[in-house]
Amino acid sequence: MNVQWWCSARGIPWRWHWQAYPGVWLAVIALAVAYVRWTRPIDPDVSAGSVSTARRIGGWVAVVLVWMTLDWPGGPLGTGYLASVHAAQFLVLAMLAPPLLLRGIDPGRARALLERNGVAAKIVRVATRPLLVMIIFTIVMLATHTPGVVDTLMRTQLGAFVLDSAWFLSGLAFWWPVVIDVPVREHFGPPMRMLYLFAGTQAHLYLAMWLLLADLPVYGIYELAPRVTGLSALEDQQVAGGLLLTIGGTYVLAVISVVFFRWFAEPQPER
């Protein structure tokens, strides 16, 4: 049995032989423990029914998605073999899992955290300011998809861990203002949330078009990797761009639509 702490590019032919990644297991267990704590109401009598069962289940779906994304076979395939799997990892870690996890958090715990005014509260207040986090999320998206960064980080287990963490943590910060209503932002109603989602996710659409229209493979690590499928490195890269454009774009549009129709359905104040 081959054991590695984390997934990293290895440059050897792919074989469908299971590999153990204890670092991934520990990270997912830590995420599950944190989710259990943050979904548990501080005051069951006050918080009862504040988070629906569907939301809580959605959070566990996110935990499973993170595990499937990072563990074998998705982890090593995306780290050193297929740009398309790498793109799918980004969609899960930065776009899909964070809002599902945040939706399962008990509102009372989020309020209690910010009411303490400790270091953690100050970090959350700063790190979830819409304009700031939108800029940071965009920078992370662009920086972690540049050839130099990808080809450098994916070669080591520490580098792959750093990239995965950057996606996930920036995703949590980006989705917090949309999903969680604390701290209260008076000027961040549904119209601003829709604009925020649209503007904050434009970078990944540009990345998608770049990958789709490039004449040559842009990542050396995937170009030189042994082929796993019948697709060439360029074709696999085009699939990656297609995933970002179709699945990523459709997902963001769907979320914006949900925000709009919920806003439209809200009772309007009488004049």
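I took axes as lines fitted to C-alpha atoms, for helices over the stretch in contact, with angles running from 0 to 180 degrees between N-to-C directions. Helices are DSSP runs (H or I, at least four residues), numbered from the N terminus.

I noted that this is a predicted model, in which local features need pLDDT of at least 70 and side-chain atom pairs count only at pLDDT 80 or more, while totals for chains, interfaces and linings use all residues. Residues are numbered from 1 along each chain as its sequence is written, and side-chain values use heavy atoms, without hydrogens and water.

**Helices 12 and 14.** I found that the axes of helix 12 (residues 202-213) and helix 14 (residues 233-265) come within 7 Å and cross at roughly 155 degrees. That makes helix 12 roughly antiparallel to helix 14 (the term covers angles over 145 degrees, whereas oblique is what remains after under 35 as roughly parallel and 65 to 115 as roughly perpendicular). Among the residues in contact (heavy atoms within 4.5 Å) are L205 and L212 of helix 12 and G241, G248 and V252 of helix 14.

**Helices 5 and 10.** I then looked up helix 5 (residues 83-103) and helix 10 (residues 157-179), whose axes come within 8 Å and cross at roughly 40 degrees. That makes helix 5 oblique to helix 10. Their contact includes F90 and L93 of helix 5, and W167 and W175 of helix 10.

**Confidence.** I recorded an average pLDDT (the predictor's confidence in each residue, from 0 to 100) of 92 for the protein, with 96% of the residues scoring at least 70. Among the elements, helix 5 has the highest mean, 97, and helix 2 (residues 44-47) the lowest, 59.

Technical notes:
Helix = DSSP H or I, 4+ residues; strand = E, 2+ residues; numbered from the N terminus.
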